[in-house]
Amino acid sequence: AFIVASSLVEVGSDLALRASGAGEEQDQSQSTSQFRILRIARITRLIKVIRITRIVRFIRALRTMVHQLTSAMKSLVWAIVLLSLVIYLFAIIFTQGALIHRVATTGAGEGDFSDPLDLTLPVHRFWSTLPRSMLTLYMCITGGVNWNEVI
C-alpha cells in the first residue's frame, strides 16, 4: 500500500511540475532536479525491498510458511474453478426449467414472449436468465438468500 501511494504521489507531482513549468527554462532545470530526487527515492525504496527479501531468506520458518501459502493458493484457485463450473451447470439446468415453465404457463413459443417478466414470481425473479440463476445459486450457497424463498 505504501509503494502504491508513493508512486501515485510521484506521478501527481510529475504532472503538476509539467503543467506549471511549461516553457520556462529555469523551471525545467528545477523540475529535472526534483525528478532526480524522486528517482533516487524510488531506488532507495527498491533497495530496501531487496534487503528485506535477503533477510527473509534466512528465516526458515517464515520461508516455509510462505511456501505453504502459495501451495494452498494453487489448490484454492482450482477449487474456485470447480465450484464455478458446478454453479454454471446447475444454473443452465434451472434456467432451462424456468423457461419451460414459462412457455407452459403463457402458451407462447420459445422465442415469442411479448409480455414482460413478472418479477413478483420467484421463478422469474431468480431463474429468468443464466446470470441471475448463477447469482441465485451463489447466494444460496453463501447464505444470502434462503433456498425456500427461491423455490
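**Exercise 1. Check the span of helix α3 in this predicted model: what length should its 47 residues give, and how far apart are its end C-alpha atoms?**

Step 1. Take the rise of 1.5 Å a residue; for the 47 residues of α3 the expected span is 69 Å. The calculation uses one less than the number of residues.

Step 2. Now look at the ends: the C-alpha atoms there are 68 Å apart, which agrees with the expected value.

Step 3. Put α3 in context. The protein chain has six helices and zero strands, so you'll read the pattern α-α-α-α-α-α along the sequence.

**Exercise 2. Work out which residues of α3 are buried, and what covers them.**

Step 1. Pick out the residues under 20% relative accessible area, the cut-off for buried. In α3 that gives you Ile-87, Ala-91, Thr-95, Ala-98 and Arg-102.

Step 2. Think about spacing. An α-helix has 3.6 residues a turn, so residues three or four places apart point the same way.

Step 3. Find the cover: it includes α4 and α5 (130-142).

Step 4. Zoom in on one of the buried residues. Thr-95, in helix α3, has a relative accessible area of 14%, so it counts as buried. Skip its neighbours within four places in sequence, and you'll find Thr-95 in contact with Trp-127, Ser-128, Thr-129, Leu-130 and Ser-133.

Step 5. Compare that with the chain overall: buried residues make up 15% of its 151 residues.

**Exercise 3. Describe the aromatic pairs that involve Trp-127, and say which rings form a cluster.**

Step 1. Start with the count: the structure holds three aromatic pairs. One of them is Phe-94 with Trp-127, a tilted pair with 4.8 Å centre to centre and 40° between the planes.

Step 2. Place that pair on the chain. Phe-94 sits in helix α3 (residues 60-106) and Trp-127 in helix α4 (residues 122-127), 33 residues apart, so the pair links distant parts of the chain.

Step 3. Check exposure. Phe-94 is partly exposed because its relative accessibility is 30%, whereas Trp-127 is buried at 6%.

Step 4. Move on to Trp-127 with Trp-147. This pair is edge-to-face, with 6.3 Å centre to centre and 75° between the planes. Trp-127 lies in helix α4 and Trp-147 in helix α6 (residues 147-150), so the pair ties together parts 20 residues apart in sequence. Trp-147 has 34% relative accessibility and therefore counts as partly exposed.

Step 5. Join things up: ring pairs link Phe-94, Trp-127 and Trp-147 into a cluster.

**Exercise 4. Map the nonpolar patch on the surface: which residues form it, and which helix gives the most?**

Step 1. List the members. They're Leu-82, Val-86, Tyr-88, Leu-89, Phe-90, Ile-92, Ile-93, Phe-94, Trp-147 and Ile-151. Together they have about 940 Å² of accessible area.

Step 2. Sort them by helix: α3 gives the most, with eight residues.

Step 3. Try one member from that helix. Leu-89 is in helix α3; at 51% relative accessibility it counts as exposed, because the cut-off for exposed is over 50%.

Step 4. Spot the overlap with Exercise 3. Phe-94 and Trp-147 belong to the patch, and ring pairs link both of them with Trp-127 in the cluster.

Step 5. Finish with the surface of the chain: about 11800 Å² is exposed, and carbon and sulfur atoms supply 68% of it.

Key. Residues are numbered from 1 along each chain as its sequence is written. This is a predicted model: local features need pLDDT of at least 70, side-chain atom pairs count only at pLDDT 80 or more; totals for chains, interfaces and linings use all residues. Side-chain values use heavy atoms; hydrogens and water are left out. Rings of Phe, Tyr and Trp (its six-membered ring) pair if their centres lie within 6.5 Å; planes under 30 degrees apart count as stacked, over 60 as edge-to-face and the rest as tilted. Helices (H or I, at least four residues) and strands (E, at least two) are DSSP runs, numbered from the N terminus. Buried means under 20% relative accessible area, exposed over 50%, partly exposed in between (1.4 Å probe, protein chains only). Contact means heavy atoms within 4.5 Å. Patches are made of residues with over 30% relative accessible area and no salt bridge: like charges are joined within 9 Å, nonpolar side chains (Val, Leu, Ile, Met, Phe, Trp, Tyr) within 5 Å. Accessible areas come from the Shrake-Rupley method with a 1.4 Å probe; for residues, only the protein chains shown count as cover. A salt bridge is a side-chain nitrogen of Lys or Arg within 4 Å of a carboxyl oxygen of Asp or Glu.
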